[in-house]
Amino acid sequence: MPTETESKTHAEALRSTSLIGGSTAIAMLVRMIKTKALALMLGPAGIGLEALFDSTVSLIRTIFDLGISSSGVREIAAAVGTRDERVISTTVYTLRRSCLVLGILAAATLFFGRAQFSEMAFKSTEHATDFGCLSLMLILASISGGQSELLQGMRRIRDLAKVNIIGAISAAALSIPIVYYWGKPGIPAYMLLGGFVSFLSSWWYSRRVKIERVKVALPEVVTAASSLLKLGLAFMASSLFSTGALYLIRNIVSREVGIEGTGQFQAANALSMVYVGFILQAMGTDFYPRLTAVAHDNAQCCRTVNEQAEISLLLALPGILGTLACAPWVMHVFYSGKFAVAADILTWQATGMLLRVISWPMGFIIMAKGRGAILMLTEFAAYAVYVAFAWLGLKFFGLIGTGMAFLGLYIFHALMINAVVRKIAGFRWSSGCFKLIWLSIVAGAAGLAIRLIVAEPWATIVGFILTAGVGVLCLKRLTALIGPTEVRRYFRKIPIIKRFVVAYPAAPS
């Protein structure tokens with residue numbers, strides 16, 4: 001049985017995951033409703049067009065962000081730990097000014113290079129004007145990013161959750177009528193307006209954080225900025241590898257299969273994140289600052305990772321199996337019958353997501369310890385493998401090969417990161433977590449095999465039975481880890497789950 005301290009720490013991991021995860025789940029549901037409407041109005045070609053716009057903007061933002069979106073959170077959290085108002089004020093002042101300057105530089109790059117970026121993405125300058133308009137989005141995104149980093153560093157998790165939800169709802173409310181009246185030419189307009197609303201909501205909540213106004217001398221700003229950028233450049237390189245890999249793969253798909261193929265790939269990529277996304281978001285939002293606080297203590301660091309990984313897997317596994325069981329139906333509901341190929345890609349990507357949930361908590365050890373060089377090397381290796389796998393998969397298996405590549409990426413990533421964190425932090429999986437990982441791998445492999453081998457409707461029926469059985473086991477384990485009281489607190493609004501928790505108050509660890 002878990003000790004009282006272990007139950008409390010597991011409960012804290014569940015609490016933060018539930019809060020951020022809940023808001024992310026709501027936001028993703030709203031986005032998928034929006035995507036469904038856009039898919040019906042625009043078809044695969046329209047979704048592919050938006051994906052290429054988004055890839056280009058994200059790539060430029062990642063380059064000019066210089067990793068501040070990650071190092072800023074770390075620096076603010078560290079400043080708050082000093083309880084020195086001047087240190088906090090200097091860090092926040094530096095972060096805000098840095099985000100503004102970098103946002104302007106990013107926008108100028110896209111605006112003056114709009115013809116070249118259009119040529120790279122579409123093999124023509126047809127969309128140069130669209131990219132020129134989207135350049136303003138980079139300034140808004142950079143400023144709102146800095147404001148969100150302030151909320152995250154201060155652990156204003158509820159405010160951050162509200163910003164997330166407001167951004168998703170406003171994007172849906174703006175995009176659907178714009179595309180209805182303008183069609184594909186309206187895509188840049190709603191992307192820009194959505195960025196503006198996100199900027200307003202993050203500004204509204206960040207202004208509520210009371211920061212003491214102090215006069216900051218230039219040398220202090222330079223010192224604080226150098227601290228931000230020192231680790232930030234490593235984070236930037238890591239994000240650049242991720243964003244750049246997706247950019248390359250979308251462009252490879254676009255050139256080899258056409259823009260409709262890009263839309264199929266994008267649809268699968270987006271849906272694979274629908275359920276797991278809220279867990280990954282919680283890791284980055286609350287788990288990362290918590291892990292940073294104990295990063296100097298290897299034993300505590302490893303214990304924290306094991307607790308987060310166990311909670312994350314218990315929450316993620318039933319949803320991933322459910323996605324595998326219902327992949328064709330999910331794609332039809334959220335997109336349309338024209339996205340049949342995307343359902344096959346989703347099957348492989350959902351299985352890869354299971355390994356992503358396992359490997360991500362380990363990866364945060366490298367970030368929390370500030371090992372920038374190791375972070376860059378591991379991320380470069382992982383995404384180089386992804387692009388290579390995607391190119392080979394597309395060549396030999398068609399679009400489905402891109403989904404296989406995603407699974408291959410996280411098999412490689414999980415093995416590599418485990419070896420790295422063993423060396424730098426003496427990391428070991430706990431007995432309970434190790435058993436859960438193997439259960440998850442076996443269940444995921446079974447779910448994938450059912451979807452690939454069994455014909456419909458039996459594939460869905462058998463997959464659903466597997467999902468229900470594993471879901472019961474996960475709920476029992478969750479109850480044993482944190483106690484029936486905490487489980488009731490989170491699930492009491494669901495009568496079936498409530499009755500189950502009462503019937504099974506605990507399970508042997």
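These legends go with a set of close-up views of one predicted model.

**View 1. The whole chain, before zooming in, is built from helices.** This predicted model has 18 helices and zero strands in its protein chain. Of the 509 residues in the chain, 55% are buried. Take the contacts between residues at least 6 apart in sequence, and 82% of them turn out to join residues at least 24 apart. Two such long-range pairings get a view of their own further down.

**View 2. The second largest cavity is lined by residues from several helices.** The model has four cavities of 30 Å³ or more, and the second largest comes in at about 50 Å³. Around this second largest cavity sit Arg61, Asp65, Ile68, Cys99, Leu102, Ser142, Gly145, Gly146 and Glu149. Helices α1 (4-65), α3 (85-112) and α5 (128-153) each bring at least two residues to that lining. As for chemistry, the lining is an even mix: three nonpolar residues, three polar and three charged.

**View 3. Helix α5 gives the most to the lining of the second largest cavity.** Its share is four residues. Most of α5 is covered, with 19 of its 26 residues buried. How far apart are the end C-alpha atoms of α5? They are 37 Å apart, and because 26 residues at 1.5 Å a residue should span 38 Å, the helix agrees with expectation.

**View 4. The largest nonpolar core takes in 106 residues.** The members that touch the most others are Leu291, Met331, Tyr335, Ile365 and Tyr386. Helix α12 (residues 340-368) gives the most to this core, putting in 17 residues. There is also a second, separate core of 14 residues, with Cys99, Leu160, Val163 and Tyr205 among them. Cys99 is worth a second look, since this residue also turns up in the lining of the second largest cavity.

**View 5. Tyrosine 386 is pictured with the residues it touches.** Setting aside residues up to four places away in sequence, tyrosine 386 touches Ala245, Leu246, Ile249, Phe265, Gln349, Thr402, Ala405, Phe406 and Leu409. Gln349 falls within helix α12 (residues 340-368). Thr402, Ala405, Phe406 and Leu409 belong to helix α14 (residues 400-425).

**View 6. Tyrosine 335 sits in a loop but is well covered.** The loop in question runs between α11 (327-334) and α12. Is tyrosine 335 buried or exposed? It is buried, because its relative accessible area is 1%, under the 20% cut-off. Beyond its neighbours within four places in sequence, tyrosine 335 is in contact with Met32, Thr35, Lys36, Ala39, Leu40, Gln266, Ala267, Ala270 and Leu271. One of these, threonine 35, is 300 residues away in sequence, yet the two C-alpha atoms are 6.9 Å apart.

**View 7. Serine 71 and glycine 370 come from distant parts of the sequence.** They are 299 residues apart along the chain, with 9.1 Å between their C-alpha atoms. Serine 71 belongs to helix α2 (residues 68-82). With a relative accessible area of 1%, serine 71 counts as buried.

**View 8. Helix α14 is shown from end to end, along with the glycine that follows.** At 1.5 Å a residue, the 26 residues of α14 (residues 400-425) should span 38 Å, and the end C-alpha atoms are indeed 38 Å apart. Next comes glycine 426, which has a positive phi, near 60°.

Terms used:
Residues numbered from 1 in each chain as written. Predicted model: local features only at pLDDT ≥ 70, side-chain atom pairs only at ≥ 80, totals over all residues. Heavy atoms only, no water. 1 Å grid on protein atoms, 1.4 Å probe; cavity = no way out; pocket = protein on both sides within 12 Å on 5 of 7 lines; lining within 4 Å. Points joined across faces, edges and corners; volume = space filled by probe spheres on them. Nonpolar A, V, L, I, M, F, W, Y, C, P; charged D, E, K, R; others polar. Expected span 1.5 Å × (residues − 1). Buried < 20%, exposed > 50% of the residue type's maximum accessible area, 1.4 Å probe, protein only. Core = buried A, V, L, I, M, F, W, Y, C linked by side-chain atoms within 4.5 Å. Contact = heavy atoms within 4.5 Å.
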